[in-house]
Each structure stands twice: as structure tokens, then as C-alpha cells.
Amino acid sequence: MDLSDAVADAYFAGLRRLSEAVAPPVSRQGDRGVELLLSGVPLSRLNGVFHRRRETDPGEVDRFAATAARAEVPWTIQTRVEPSRATREIAAKWGRTEQERTPTMVCRPADLTSAGDEAAGLTVRVVGSAGHDDFLTAMAAGFEMPMEVTADIMPPQLLDLSGATAYVGYVAGRPVATAYGIRGGDLVGVMNVATEPAARRRGYGRALTERVVRDAFADGAVAAYLHASDEGLSLYRAMGFRTVETWTYFV
């Protein structure tokens, strides 16, 4: 299995684990790597029709989309490669007419570049459910989303989930940044990297990301992966991450 396939498997396995830790999701797997997952969380990328493999099966995509369309949550159709004409037509049929493209990036231990002491004044702590309020405060501010939506995405039990680690960055005792790592086999996924607006451009997001990755490498992970926003792409490249695929989400 090549690295990009391993990343896709780890990512979707992690997504299922996170969903199952909150409430039983609707989950079905097709014969050709097409998968339906409805977590119930009101965020489109956590619900929909997903491709674990590069190949597709238009019939399965259409059938799973019919189920997703009945769910009362935002949802998406995702592909790992440039969407085929059939996939675009199915997405349009079910009202998924906008496309979002997201780089999937990986970093191996030998490629990781340290930021040194760039984030002076920042203290990074691992937190469990007892630190949930601090995690939510910083994550909600960083993503500029309502606290109640943030709480739906990251309920307290996810901070105690086996194989996952939550981090909060503090400045003068105040939570200002977050990151979250989840292991899948010998890979670690990095997510929920967020810094409150007033604390940006001080190296905090890089410091949190590096902490997640270094802790996982020290524990035996052979690579880290993440999905980069446009704003974070240059930062992750500077850290040693490289793009292995660009995923498309129809929303």
C-alpha cells in the first residue's frame, strides 16, 4: 500500500472512531472504497459520501448520496482524485454544486524542520476532559465559530479518547491555541490547529503542530498527515510537509 492510500485509510478510520465515541454513526462501506458516514455533527466534512480509494463507483456514490440527502446535517461528496464527469453530475443532482479543494500533506521524521524558540512565551500542555473548557475556548476563537458548534465537534470525551491527544497553548496562563492528534496504525493525523486572531503570526500554530508530530514520532509513528487550509499551506511546507494528493469536496 502506498503512503497516500495509508493516509486515506487512517483518516477515515479516525473519522469513524471520533464519531463512534460520541454517538453511533450511520456507516456503510461499498465494494470499491466508497463509504457513507453520517456522524450527526453539523459540519459538512464530517458527513457524506467519501472515497478511501482513487477509484469510484457512480452507482454507489448515487445510492449513498440519496441516504445522506435525507439526513438533517450538512454533508459532502469527497473524492481523492480529479472528479470524473459522472461524479460531478451526481453531486449536482443532489445539490452539491460548490467545490472545495484541500491538499493532503505528509511529513516523515527526517523531513520535519523545527521552529526553534520562535513561539516565545507559549506553554503547550496536553489536556484531557478536565481541560475541555480551555480547549473549547481557544478552538472556538481560533476558528471563529460559535462555542456551541465547537462543543458539538469536540465534546469532552474526545479529549480522553485512546490513541488521541489534545493540546492547548497558553500565553500568560490564557488558552490561545489548540491542536489535536489521532493515531491510526503507524501514522498520526493532525487536526484542529487553531489560534485566536489576536495571537496569530507568532509561531503558535506551528509550535502546536510540531508538538503533536514530535510526540507521535517519539511514540513510533512513521509519518504525520494533515489537510491544509490555504492559509496554512506555506507554513506546513516550511515544516517539511509535502502534498501527496488534493482532495475535492462537493458541498
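## A question to start with

Which residues are linked with Arg80 in a network of salt bridges? They are Asp2, Asp5, Arg54 and Glu245. Keep in mind while looking around that this is a predicted model. We'll come back to that network after a tour of the fold.

## The chain as a whole

Let's start with the big picture. The chain has 7 helices and 11 strands. Its radius of gyration is 18 Å, close to the 18 Å that the globule rule gives for 251 residues, so the chain is as compact as a globular protein of that length. If you line things up along the principal axes, the C-alpha atoms fill a box of roughly 55 × 40 × 30 Å.

How much of the chain is tucked away? Of the 251 residues, 51% count as buried. The chain also folds back on itself: take the contacts with a separation of 6 or more, and 70% of them are between residues 24 or more positions apart.

## One sheet, eleven strands

The 11 strands form an open sheet with mixed pairing. To follow it from one end to the other, read the order as S1-S2-S3-S4-S11-S5-S10-S9-S8-S7-S6. At the edges stand strand S1 (26–29) and strand S6 (122–127); each has a single partner strand, so one side of each is left without a neighbour in the sheet. Neighbouring strands are turned by 20 degrees against each other on average, direction ignored.

As a general point, strands of a sheet pair through backbone hydrogen bonds, either parallel or antiparallel. Here is one pairing to look at: strand S4 (residues 76–79) and strand S11 (residues 242–250) run antiparallel, joined by 3 bridges. Within S11, threonine 248 is the bridge partner of threonine 79. There's a helix to spot as well: H2 lies across S1, S2, S3 and S4, and runs at about 5 degrees to S2.

## Arginine 80 and its company

Now back to the network from the opening. Arginine 80 sits in the loop between S4 and H3. Is arginine 80 buried or exposed? With a relative accessible area of 2%, arginine 80 is buried, because anything under 20% counts as such.

The side chain of arginine 80 has polar company. A polar contact at 2.6 Å joins it to the side chain of glutamate 245, and the arginine 80 side chain also reaches the backbone oxygen of serine 4 at 3.5 Å. Then there's arginine 54: it is 26 residues away from arginine 80 along the chain, yet their C-alpha atoms are separated by 5.6 Å. Setting aside neighbours within four places in sequence, the contacts of arginine 80 include Asp5, Ala8, His51 and Trp247.

## Other salt bridges

A search of the whole structure finds 17 salt bridges. One of them pairs arginine 45 with glutamate 100, with the closest N and O atoms 2.9 Å apart. Arginine 45 is in the loop between strand S2 (34–38) and strand S3 (47–51), while glutamate 100 is in strand S5 (residues 99–107), so the pair ties together parts that are 55 residues apart in sequence. Both ends are partly exposed: arginine 45 has a relative accessible area of 23%, and glutamate 100 is at 32%.

Aspartate 62 and lysine 93 meet in another salt bridge, at 3.1 Å from N to O. This one links distant parts of the chain, 31 residues apart: aspartate 62 is in helix H2 (residues 58–69) and lysine 93 in helix H3 (residues 85–93). Aspartate 62 is partly exposed at 23%, whereas lysine 93 is exposed at 53%. For a bridge inside a single helix, go to H6 (residues 204–218), where glutamate 210 and arginine 214 lie 4 residues apart, about one turn of the helix. Their closest N and O atoms are 2.8 Å apart. Glutamate 210 counts as buried at 10%, but arginine 214 is partly exposed at 38%.

## A buried threonine in S8

One last stop: threonine 178, in strand S8 (residues 174–184). At 0% relative accessibility, threonine 178 counts as buried. What does its side chain reach at 2.9 Å? That would be the backbone oxygen of asparagine 192. Beyond its neighbours within four places in sequence, threonine 178 is in contact with residues including Phe135, Met139, Tyr167, Val193 and Leu208.

Notes: Residues are numbered from 1 along each chain as its sequence is written. This is a predicted model: local features need pLDDT of at least 70, side-chain atom pairs count only at pLDDT 80 or more; totals for chains, interfaces and linings use all residues. Side-chain values use heavy atoms; hydrogens and water are left out. Helices (H or I, at least four residues) and strands (E, at least two) are DSSP runs, numbered from the N terminus. Buried means under 20% relative accessible area, exposed over 50%, partly exposed in between (1.4 Å probe, protein chains only). A polar contact is a pair of N or O atoms within 3.5 Å; within protein, one must be able to donate a hydrogen and the other to accept it, and residues adjacent in sequence count only if both atoms are side-chain atoms. Contact means heavy atoms within 4.5 Å. A salt bridge is a side-chain nitrogen of Lys or Arg within 4 Å of a carboxyl oxygen of Asp or Glu. Two strands pair if DSSP finds at least two bridges between them. Axes are lines fitted to C-alpha atoms, for helices over the stretch in contact, and angles run from 0 to 180 degrees between N-to-C directions. The radius of gyration is taken over C-alpha atoms; the globule rule is 2.2 Å times the number of residues to the power 0.38.
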